[in-house]
Amino acid sequence: MMTDKNNTLLIVLIAGILLIAVIMVLNSGQTKIINTSQQQNAITVSGNAKLDTEPDMAEIYARIETFSENAQDAKDENAKLSDSVIKALKKEGINDKEIETTGFFLSPRYRYDRDTEESILEGYTLSHILKVTTNDIDKAGKLVDVAVDNGANGVDSVTFTLSKEKQKEISGLALAHAAEVAQERAKALASSLKVNLGKVVSVQESSFDFIAYDATAKTFAVEEAATQIIPENVEVSARVTVSYEIK
């Protein structure tokens, strides 16, 4: 049988639990009210913009590939050809900062013998990939010829893109256009809801991107004198998200 003291403790414990539950409910209700109020006092829209601009930089990936029964011989031959290609490119005005190695692979080559059902080592292939960058995009075709004529036996890609300076310039234009689109959408939405727009609450750059033109996706126009590679425009896109206060 419970004593009066035990009954008192039980009542106090129950009262404490009920008090904590009430506080939690009240706090939960206050948070929802604040969030709802914020949602009712603002309108958020996104604006997208796309622009076309002329590229101001070309990137050429030339491959020097050699094969020999001996790995050392494959490496030595590749070094001679690579040195020849680099020296020829420098004579065309390409400096050290505009030439870099983006790939260097030495791998064995095997031949499968059906009679013995064994893989026979034939030798070693060394691939050295040079990336050549130039701001003279009209010179891209000539640089391809120079690389091939002096030892390169493959061109992995020729890409026309934007320099960092051009990216900064065009991104400002694209983002400004995207912001204008967002503003027009906000006005149209506010008009349909019969409310007035107030000041800008927040602005967020959702994205900025551009698609470089890959000339290797098309066939080079080759003439007797030189290779001609004609660039196309680069597509730039931007997205901005803006929140406006509702009056």
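This passage describes the strand pairing, helix packing and selected residues of a predicted model.

Local features of this predicted model are reported only at pLDDT of at least 70 and side-chain atom pairs only at pLDDT 80 or more, whereas totals for chains, interfaces and linings use all residues. Residues are numbered from 1 along each chain as its sequence is written, and side-chain values use heavy atoms, with hydrogens and water left out.

Helices (H or I, at least four residues) and strands (E, at least two) are taken as DSSP runs, numbered from the N terminus, and two strands are said to pair if DSSP finds at least two bridges between them. On this basis, an open sheet of five strands is assigned, with antiparallel pairing and the order β3-β4-β2-β5-β7. The edges of this sheet are occupied by β3 and β7 (213-214), each of which has a single partner strand, so that one side of each is left without a neighbour in the sheet. Helix α2 packs on the sheet and touches β2, β3 and β4, with a direction that makes about 150° with that of β2; here contact means heavy atoms within 4.5 Å, and axes are lines fitted to C-alpha atoms, for helices over the stretch in contact, with angles running from 0 to 180 degrees between N-to-C directions.

Within the five-stranded sheet, β3 and β4 pair in the antiparallel sense over 14 bridges. Residue L106 stands opposite L126 in β4, and D113 stands opposite E118 in β4. The two strands β3 and β4 form a hairpin with four residues between them. One residue of this turn, E117, is placed in the loop between β3 (99-113) and β4 (118-134) and has a phi near 55°, a positive value in a residue other than glycine. Most residues other than glycine have a negative phi. The relative accessible area of E117 is 60%, and the residue is therefore classed as exposed, where buried means under 20% relative accessible area, exposed over 50%, and partly exposed in between (1.4 Å probe, protein chains only).

A second positive phi in a residue other than glycine, near 60°, is found at K194. Residue K194 lies in the loop between α4 (164-193) and β6 (197-211), and at 76% relative accessibility K194 also counts as exposed.

An open sheet of three strands, again with antiparallel pairing, has the order β1-β10-β6. The edge strands of this sheet are β1 and β6, each of which pairs on one side only, and neighbouring strands are turned by 15° against each other on average, direction ignored. Strand β1 (residues 42-53) is joined by 12 bridges to strand β10 (residues 234-246), with L51 standing opposite V236 in β10. On the other pairing, 11 bridges join β6 to β10 in the antiparallel sense; the bridge partners in β10 include S243 for S202 and T241 for Q204. Helix α4 lies across β1, β6 and β10 and runs at about 140° to β1.

Helix α3 (residues 140-149) is largely enclosed by the rest of the structure, because seven of its 10 residues are buried. The buried residues are A140, G141, L143, V144, D145, V146 and A147, and they pack against β2, α2 (71-91), β4, β5 (154-161) and β9 (227-228). The helix is followed by G151, whose phi is positive, near 135°.

Two glutamates, E59 and E98, were also examined for burial and contacts. Residue E59 is found in strand β2 (residues 57-68) and is buried, with a relative accessible area of 15%. When its neighbours within four places in sequence are left aside, E59 is in contact with K131, V132, T133, S157, V158, T159 and T161. Residue E98, by contrast, is placed in the loop between α2 and β3, and touches G93, K131, V132 and T133, not counting residues up to four places away in sequence. Although buried, E98 has no salt bridge, and the nearest side chain of opposite charge, K139, is 8.3 Å away. A salt bridge is here a side-chain nitrogen of Lys or Arg within 4 Å of a carboxyl oxygen of Asp or Glu; for charge, Lys and Arg count as positive and Asp and Glu as negative, while His and the chain ends are not counted.
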